[in-house]
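Colleague: Could you walk me through the labels used for this model? I would like to see the reasoning behind each one.

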Amino acid sequence: MEKTILIVDDSRTMRDMLRRTLEGAAYLVVDAVDGQDGLEKLEAMNPAPDAIITDINMPRMDGYGFIEGARGKDRGRHIPVLVLTTETSAEKKTRAKNAGATGWIVKPFEASVLLSALKRVIGS
Amino acid sequence: MSLSWLRTAASVRRKINIIFGILFATALLQLSVSVISVFAPVYSHWVSTTAICGSLFQIVTIFVTLMLAMSTVVAPLEKITAATEKIAAGRLDEPIPYHNYRDCSGRLSRALTKFRNMSVENTRVHEEALAASRAAEISQKQLTEESTQQRKWTEELVGQLIFGMQRLSSGDLNFRYTEPFRPEFEQFRTDFNATADRFADTLGRVTASVSTIASGSAEIALASDDLARRTERQADNLGKTAGSVSTVTTGVQRTAQAALDARKAAGGAREQAAESSSVVQSAISAMHEIEDSSKKVADILGVMDEIAFQTNLLALNAGVEAARAGDAGRGFAVVATEVRSLAQRSATSAKNIKELISLSGRQVSKGVSLVTQTGTALSKISANVETISDLIASISSSAQEQAESLTQINAAISEMDQTTQQNAAMVEETTAASHNLTRETKDLAEAVSQFRIGDEVGKIAAATQRTKSLAMKHPSAPEIPENGEIRTGAVSRHASSDDGWEDF
């Protein structure tokens, strides 16, 4: 059965590239344009996604708020969340980790690294 | 009571006199007892005399001791006490005796001398202080008058300073002290005005920089937004290109495979054509052999036709001879008739066979011609198949080259994809940084706008307004998060040590 990934990123370019990369690896993809939209999509998805990839800096609701919101929901409590961002500071990593993030990938990403990380957090 | 008086009120001389008086009375008592004992019967005369002499010696000794005590202890003490009382009474020029003694009197005398000298010094100092105090009192009057005037000036100055500082604290950097201060405060006025000038100049430059930064950050935001849109379009185009290239790649791969299959089929056809040519040659040979055999059969048929003719003649002769023989030859005549009939039938068959053989020979010749033509056609087909095979090989080679070119194109697309992604990441950083810069510039402009420097306030307001209007022109740009997170990451990712996946 194909795994479903929820992408949360305000950049259409990044969403398109992620979609191409993930669909090329036989994942199903649902995307959202910011944290608020991500929470709504997460609530509406049935079944729940197998993993979430989120940006940090987004309008309306940033990645930290999204992760905390997802962790506050029953269905989002145990879903692996990978942060995909241009940020590299240790303080922001710590903040994301405290919010409940599972891993951290720096943009621009290598497709092999992203797929390897996904495989690791949700299994093949 | 008497003991208390002796201890606290009696003079030393009186105390010594009393002590020695008691001793003297005791000695007199002992003397009296010794004198009385002379007349007692139990004591000897020598013993009594001795006791009396001892008592007298004791009295003398006590007296001498008394005199000695009076002269060595009491007299110095009394004189020193008297000198002390005089010094205490202020008579500091009185001599102090026993100064050179090493006993207590000497020590007391030297201490008293030191005390007197100190008192003399204190007195001198006190008098000098009094004199100074009187002089100070006179000066104080003068100073009070001057101080009153000074306080008046100071109050005026402080009032001016407070006014100036209030103007400064209210942000008015245009304020200057134009009226000169008193000479002793003039430096302050000059310094204040210079400081205000410098502040105004610095803030003027800051204001100009704020305007420039505000304009620049807005332009950066616009450029970043444009770059974001271009990057999106590029990503779109790249996606479509990648899809098209993928389709073309699939087609080329199919073409290459079909060319390969066709090449194999052409090879097979060429081999089969070669084999067919051999078969044709064999068929031509077989035809010629059939033709030869037909000619031999025709020859044999000629012999058979001749035999049938001769047989017919013999049968005819035999019939004639049988007729001549009459009844005896009747049976022979029948046989001869039958033989003749057989010979005729044999001749007819031989004729038919000859015609058939002739027809067969013509057909064989025709067949040979056709087979020869077939061989020629097969040779041409084989040559054409060779040409087709070469063409297909060329197609296959071209398809392979196309496939390799497409692989390079795919690699280039992947690289462009990565570059586009880097651009997108850079756009994100630039957009956030420019928005952050805009916000910081706005804060700085607001801070600077609290100061009035000529008409600079208006300039700052205009710059801020321009920044807002520029920002409103690109509403699609991401907003700055409400939590105030500021991007600080470098634009370039190449030097980052955090590339890749980091597991929490």
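Colleague: Where do Phe188(B) and Phe192(B) lie?

Modeller: Both sit in helix H5 of chain B, four residues apart, about one turn of the helix. Helices here are DSSP runs of H or I with at least four residues, numbered from the N terminus. Bear in mind that this is a predicted model, where local features need pLDDT of at least 70 and side-chain atom pairs count only at pLDDT 80 or more, while totals for chains, interfaces and linings use all residues. Residues are numbered from 1 along each chain as its sequence is written, chains are lettered from A and ligands numbered from 1 in the order in which they are written, and side-chain values use heavy atoms, leaving out hydrogens and water.

Colleague: What makes Phe192(B) buried?

Modeller: Its relative accessible area is 7%, and buried means under 20%, exposed over 50%, partly exposed in between (1.4 Å probe, protein chains only). Phe188(B), at 31%, therefore counts as partly exposed.

Colleague: Why is the pair of Phe163(B) and Phe175(B) called edge-to-face?

Modeller: Happy to explain! Rings of Phe, Tyr and Trp (its six-membered ring) pair if their centres lie within 6.5 Å; planes under 30 degrees apart count as stacked, over 60 as edge-to-face and the rest as tilted. Here the centres are 5.3 Å apart and the planes at 75°, so the pair is edge-to-face.

Colleague: And how do you know that Phe175(B) is buried?

Modeller: Phe175(B) has 9% relative accessibility, so it counts as buried. Phe163(B), at 41%, is partly exposed.

Methods:
Helix = DSSP H or I, 4+ residues; strand = E, 2+ residues; numbered from the N terminus.
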